[in-house]
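I sat down with this chain to work out how its strands are arranged and what packs against them. My entries follow in the order in which I looked things up.

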Amino acid sequence: MVDVHNHVLTPEAQEIAAEWYEPAFEPYDLYAGAASARHNREFFGGLVEPMTDPQRRLRDMDAQGVDVQLLSIFVSQYYYWLDSAKGLELSQMQNQHLADLVATNPERFAAAATVPMQDPPSAFARCRSRRTSTGWTSTMPASNPSSRRPRTWTCSSSFIPTASARDAG
């Protein structure tokens, strides 16, 4: 069985992004009431180990009968609200972290890259570059590349994102 929806947490990226973080940038924080925010904090604590420890992930996969997982970054780590340069830096850090995890067990792990969607030309270039230089064939963008400037993105059949007509110019 192949599980195509699994997230990886990159703690180093979270530490760097924290300097610029504002609750308005993260829908989970912006729209959560006090009870939801408390629940999310408690729930998240239990997710850290499964999203950071490859041996724990393999044990969980075995227990669930999963042969292969497609890994992607954790939903709260897209950081599209950062400036373009910092977004590129963190996406490169996260992709390296994904590659390192895949290298621990390439028969069981595959990964979908992330790209800095706050800068569409750079994102497209990174998709093409990653595809040709590393052999990765998938990119997993979020559906809302910027909390400040929502857009619509899709992935083509070749997994290279294309912008909506509004953003093409």
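Before looking at any pairing I fixed the terms: two strands pair if DSSP finds at least two bridges between them, and helices (H or I, at least four residues) and strands (E, at least two) are DSSP runs, numbered from the N terminus.

I noted that this is a predicted model, in which local features need pLDDT of at least 70 and side-chain atom pairs count only at pLDDT 80 or more, while totals for chains, interfaces and linings use all residues. Residues are numbered from 1 along each chain as its sequence is written, and side-chain values use heavy atoms, with hydrogens and water left out.

**Entry 1, the sheet.** I looked first at strand β1 (residues 2–8), which pairs with β2 in the parallel sense over five bridges, and I found Asp 3 standing opposite Gln 69 in β2. Turning to strand β3 (residues 109–111), I found that it runs parallel to β2 and is joined to β2 by three bridges. Here Phe 109 of β3 is the bridge partner of Gln 69, and Leu 70 stands opposite Ala 110. I therefore recorded an open sheet of three strands in the order β1-β2-β3, with parallel pairing. Its edge strands are β1 and β3, each of which pairs on one side only. The twist averages 35 degrees from one strand to the next, where axes are lines fitted to C-alpha atoms, for helices over the stretch in contact, and angles run from 0 to 180 degrees between N-to-C directions.

**Entry 2, the helix on the sheet.** Helix α6 packs on the sheet and touches β1, β2 and β3 (contact means heavy atoms within 4.5 Å), and its direction makes about 160 degrees with that of β3. I also noted that β2, helix α6 (residues 84–104) and β3 make a right-handed β-α-β unit; right-handed means that, with the strands pointing away from the viewer, the path from the first strand over the helix to the second runs clockwise.

**Entry 3, what is covered.** Is β2 (residues 68–73) mostly covered or mostly open? I found five of its six residues buried, that is, under 20% relative accessible area with a 1.4 Å probe and protein chains only.

**Entry 4, the core.** The largest nonpolar core (buried Ala, Val, Leu, Ile, Met, Phe, Trp, Tyr and Cys residues joined through side-chain atoms within 4.5 Å) has 18 residues, and Leu 71, Leu 98 and Phe 109 have the most contacts inside it.

How values were computed
Buried means under 20% relative accessible area, exposed over 50%, partly exposed in between (1.4 Å probe, protein chains only).
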